[in-house]
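Thanks for coming, everyone. Please have a look at the sequence and the model before I start.

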Amino acid sequence: MKIGILGAGVIARKMAFTLNALEETQCDAIGSRSLEKARKFAEENHVKKAYGSYEELVNDPEIEMIYIASPHSHHYEHAKLCLEHGKHILVEKAFMANAAQAKEVLALTREKGLLAAEAIWTRYLPSRKLIEEVISSGELGEIHMVTANLGYDIRNVERLYKPELAGGALLDVGVYPLNFISMVLGSEMTSMQTSWVPYATGVDAQNMAIFHYPDGKVAMMHSNILGGTEQNGIIYGAKGYLVADDVNHIRNIRIYDNQKKLVREIAVPERINGFEYEVLACVKAIREGKMECAEMPHKETIAMLERMDAMRAEWGMRYPFEE
């Protein structure tokens with residue numbers, strides 16, 4: 001399948017490498033607002049065609065799917081552009097800046113009969129199935145609590161501090177612990193308490209939340225863009241607990257008993273760099289005529305955005321384009 005990339009940033013380079021490494025796909029074109037930047041990207045990442053506008057990219061008749069790697073603030077505009085030109089889309093997380101945008105884009109997806117998927121890679125990685133198998137086996141006993149966190153020292157990333165680009169920790173970093181928790185406990189909750197520390201520009205520099213679920217389970221998360229954390233996801237059960245190393249890219253899973261004794265470790269396989277799983281899920285869904293990937297159905301994409309919308313509402317944090 002010939003796939004194009006919209007946006008020539010750092011993450012786009014990783015995706016180009018993945019697409020060219022897979023037998024099933026080819027990174028056929030890159031679209032940027034600058035032809036010079038597109039040509040440089042194409043040369044350095046073995047991409048056949050370079051376009052100096054997104055309009056040229058979406059009008060390429062050979063491209064079947066487009067990976068959208070622009071800032072969160074522009075996902076809505078770019079997703080609609082691609083869909084209106086008959087292209088399937090894989091949109092980098094967060095799928096949109098808010099749930100209202102996602103609902104509109106997904107309605108257009110259904111109207112056009114095209115696939116739309118969110119590139120939240122942890123939903124597709126082998127670690128998810130491995131963790132689900134441990135839980136379903138009863139090895140941990142009944143689950144009663146989940147914690148997850150993610151933080152990086154990315155204070156030098158300018159876009160993260162710009163409200164007009166939907167910056168802040170939540171959409172860029174917090175989305176990972178939120179998804180980890182949801183994959184274990186589901187997306188239905190009864191209440192939540194949140195807190196945040198704003199940056200001078202008004203976006204969240206760090207945040208935390210406690211979620212309560214109908215069956216008495218509870219979850220806690222925090223994320224930030226000020227400095228590193230241990231980045232673990234921990235699932236607590238009546239018989240022991242599971243530690244997933246790095247909720248952004250789980251490479252190792254450790255299981256402990258209630259005496260904190262290590263019972264066993266599970267290594268997580270990887271073929272290329274992890275991006276291949278979301279790409280292959282999209283290829284499979286398209287070939288089967290589906291409009292969503294089973295790993296990240298549209299209802300879950302909306303649920304995660306509604307959760308983040310609600311958190312921002314508690315803080316009084318709105319992006320300029322939401323006014």
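Which residues in H1 meet which residues in H2? On the H1 side they are Ala12, Arg13, Ala16 and Asn20. On the H2 side they are Lys40, Phe41, Glu44 and Asn45. By class, that contact has 3 nonpolar, 2 polar and 3 charged residues. Keep in mind that this is a predicted model.

Now the geometry. Two packed helices are described by the angle between their axes and the distance between the axes. H1 covers residues 10-21, and H2 covers residues 35-45. Their axes come within 10 Å and cross at roughly 45°. An angle under 35 degrees would count as roughly parallel. H1 and H2 are therefore oblique to each other. Their crossing is right-handed.

Next pair: H5, residues 99-112, and H9, residues 298-315. Here the axes come within 9 Å, and the crossing angle is roughly 160°. The cut-off for roughly antiparallel is over 145, so H5 is roughly antiparallel to H9. The crossing of H5 and H9 is left-handed. H5 brings Ala99, Ala102, Lys103, Leu106 and Thr109 to the contact. H9 answers with His298, Ile302, Leu305, Glu306 and Asp309. Sort the residues of this contact by class and you get 5 nonpolar, 2 polar and 3 charged.

On to the open space. How much space lies in the largest pocket? About 990 Å³. Its lining takes in 36 residues. Nearest the centre of the pocket are Val10, Ile11, Ala69, Arg159 and Asp172. Three helices each supply at least two lining residues: H1, H4 at 72-84, and H7 at 169-185. So H1 turns up again, having already appeared in the contact with H2. Which helix gives the most to the pocket lining? That is H4, with 5 residues. By class, the lining of the pocket has 17 nonpolar, 11 polar and 8 charged residues.

Now the enclosed space. How many cavities of 30 Å³ or more are there? The count is 1. The volume of the largest cavity is about 110 Å³. Its lining runs through Thr122, Ser127, Arg128, Ile131, Glu132 and Ile135, then Phe180, Met183 and Val184, and finally Val247 and Ile250. H6, at 126-137, and H7 are the elements that give two or more residues to this lining. H6 has the largest share, 5 residues. H7 also supplies at least two residues to the lining of the largest pocket. The class count for the cavity lining is 7 nonpolar, 2 polar and 2 charged.

Last topic: the backbone. Most residues other than glycine have a negative phi, and most peptide bonds are trans. Where are the exceptions to look at here? Start with lysine 93 and alanine 94. A cis peptide bond joins lysine 93 to alanine 94, with omega about -15°. Alanine 94 sits in the loop between strand E5, at 88-92, and H5. That is the H5 that packs against H9.

Then go to aspartate 246. This residue is not a glycine, yet its phi is positive, about 70°. Aspartate 246 lies in the loop between strand E12, at 240-244, and strand E13, at 252-257. Val247 and Ile250 are among the residues that line the largest cavity.

That's my tour. Over to you.

How values were computed
Residues numbered from 1 in each chain as written. Predicted model: local features only at pLDDT ≥ 70, side-chain atom pairs only at ≥ 80, totals over all residues. Heavy atoms only, no water. Axes fitted to C-alpha atoms, helices over the stretch in contact; angles between N-to-C directions. Helix = DSSP H or I, 4+ residues; strand = E, 2+ residues; numbered from the N terminus. Parallel < 35°, antiparallel > 145°, perpendicular 65-115°, else oblique. Left-handed = near helix turned anticlockwise from the far one by under 90°. Contact = heavy atoms within 4.5 Å. Nonpolar A, V, L, I, M, F, W, Y, C, P; charged D, E, K, R; others polar. 1 Å grid on protein atoms, 1.4 Å probe; cavity = no way out; pocket = protein on both sides within 12 Å on 5 of 7 lines; lining within 4 Å. Points joined across faces, edges and corners; volume = space filled by probe spheres on them.
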